[in-house]
Amino acid sequence: MLRPPATFATARLGARLPTADDAPAVFASYANDPEVTRYLAWRAYERVEPLAACLREAAANWEQRDAHLPRTWLLCLKGTATPIGSIGVTLEGNGHAMFGYVLAKKFWGRGMAAEVLTYLVDWALAQPSLYRAYAYCDVENLTSARVMEKAGMLREGILRRWHVAPTLGPEPRDCIVCAKVR
Ligand SMILES: CC(C)(COP(=O)(O)OP(=O)(O)OC[C@H]1O[C@@H](n2cnc3c(N)ncnc32)[C@H](O)[C@@H]1OP(=O)(O)O)[C@@H](O)C(=O)NCCC(=O)NCCS
């Protein structure tokens with residue numbers, strides 16, 4: 001079974017597994033911020049406890065043999081243990097790896113999302129069983145679309161009415177899909 005690395009590092013960031021104990025720090029860093037979750041599939045948390053449950057589940061996924069479950073890392077500035085964001089990959093079992101990522105607002109605009117996505121896209125496409133690394137973002141989330149391009153993905157098109165961003169409302173929204181293939 002293909003297993004993503006439990007930890008990895010890029011020039012500025014370290015990635016490690018989440019634990020439920022990270023909930024207060026993740027809450028304060030980005031998970032309680034509706035500007036961060038604006039285009040995401042989840043609403044900003046108002047309390048730490050449900051976030052702890054979510055992180056517990058994310059940690060448990062790493063223990064499961066089911067390779068199709070999302071594997072999520074917390075991102076910390078190198079040399080620190082405080083989470084400033086998160087990135088996840090889902091190995092869909094058909095040669096496709098799908099990515100999602102989020103950073104605390106304080107760290108936006110420094111190229112960090114592209115740095116870490118590039119690392120994981122390159123890892124994915126170095127695996128013999130994977131040939132497509134892709135991600136999608138809301139049509140209005142042009143920063144995220146740019147991050148995908150910086151990670152070597154090409155814009156493939158629009159997925160119409162593809163996801164619901166509850167912060168923006170209940171209506172399914174169009175998404176931009178980008179991929180790097182080999
Ligand atoms: C999306 C997100 C991860 C980007 O992280 P980041 O580290 O700031 O991104 P980077 O600095 O690597 O790259 C941002 C790029 O977008 C560009 N950009 C910013 N605003 C833009 C806009 N309105 N239109 C087009 N490009 C834009 C920047 O100029 C930069 O490109 P450049 O380096 O060529 O100049 C961060 O904004 C975030 O966490 N947002 C909330 C969560 C989210 O939306 N996640 C993505 C879900 S699909």
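This passage walks through the fold, the core, the ligand shell and a few individual residues of a predicted model.

The overall architecture makes a good starting point. The protein contains 4 helices and 8 strands, and along the sequence these are arranged in the pattern β-β-α-α-β-β-β-α-β-α-β-β. The radius of gyration is 15 Å, close to the 16 Å that the globule rule gives for 182 residues, so the protein is as compact as a globular protein of that length. Its C-alpha trace spans about 40 × 35 × 30 Å along the principal axes. Of the 182 residues, 32% count as buried. Contacts that reach far along the chain are well represented: among those between residues at least 6 apart in sequence, 60% join residues at least 24 apart.

The interior comes next. In soluble globular proteins, nonpolar side chains tend to be buried together. Here the largest nonpolar core has 47 residues, of which Leu75, Ile87, Phe99, Val116 and Leu117 touch the most other members. Helix 3 gives the most to this core, with 7 residues. Ile87 offers a handy view of the surroundings: leaving out residues up to four places away in sequence, Ile87 touches Ala15, Trp73, Leu75, Phe99, Tyr101, Val116, Leu117 and Leu120. Four of the core residues named above, Leu75, Phe99, Val116 and Leu117, thus appear again in the list of residues touched by Ile87.

Two helices show how elements pack against one another. In helix 1, which covers residues 23–31, the buried residues are Ala23, Val26, Phe27, Ser29, Tyr30 and Ala31. These residues pack against helix 2 (48–61), strand 4 (83–91) and strand 5 (96–103). Helix 4 runs over residues 142–150, and its buried residues are Ser144, Ala145, Val147 and Met148. Seen down the helix axis, these residues fall within an arc of 155°, so they line one face of helix 4. Leu142 and Thr143, on the other side of helix 4, are exposed. The cover over the buried residues of helix 4 includes helix 3 (112–125), strand 6 (132–138), strand 7 (154–163) and strand 8 (173–181). After helix 4 comes Gly152, with a positive phi near 95°.

Helix 4 also features in the surroundings of the ligand. The ligand has 22 residues around it, and Ala113, Ala114, Cys137, Leu142 and Arg146 come nearest. One of these, Leu142, is among the exposed residues of helix 4. Strand 5, helix 3 and helix 4 each supply at least two residues of the shell, and helix 4 gives the most, with 6 residues. Sorted by class, the shell has 13 nonpolar, 6 polar and 3 charged residues.

Strand 7 and the loop after it hold several residues that reward a closer look. Leu159 lies in strand 7. With 15 other C-beta atoms within 10 Å, Leu159 is partly exposed. Apart from neighbours within four places in sequence, Leu159 is in contact with Tyr136, Asp174, Cys175 and Val177. By contrast with those contacts, the C-alpha atoms of Leu159 and Asn94 are separated by 19 Å, the two residues being 65 residues apart along the chain. Arg161 also lies in strand 7, and its phi is near 45°, a positive value in a residue other than glycine. Arg161 has 11 other C-beta atoms within 10 Å and is therefore exposed.

Pro172 sits in the loop between strand 7 and strand 8. This proline has 13 C-beta neighbours inside 10 Å and so counts as partly exposed. Not counting residues up to four places away in sequence, Pro172 touches Arg161, Trp162, His163 and Val164. For Pro172 and Trp162, 10 residues apart in sequence, the C-alpha to C-alpha separation is 6.1 Å.

A further loop, between helix 2 and strand 3 (71–77), holds Ala67. Ala67 is partly exposed, with 15 other C-beta atoms within 10 Å. Setting aside residues up to four places away in sequence, Ala67 touches Met1, Leu2, Leu91 and Gly93. Ala67 and Leu91 are 24 residues apart along the chain, and their C-alpha atoms are separated by 6.5 Å.

Methods:
Residues numbered from 1 in each chain as written. Predicted model: local features only at pLDDT ≥ 70, side-chain atom pairs only at ≥ 80, totals over all residues. Buried ≥ 20, exposed ≤ 12 C-beta atoms within 10 Å, placed from the backbone. Arc of directions from axis to C-beta. Contact = placed C-beta atoms within 7 Å. Rg over C-alpha atoms; globule rule 2.2 N^0.38 Å. Near = placed C-beta within 6 Å. Nonpolar A, V, L, I, M, F, W, Y, C, P; charged D, E, K, R; others polar. Core = buried A, V, L, I, M, F, W, Y, C linked by C-beta atoms within 7 Å.
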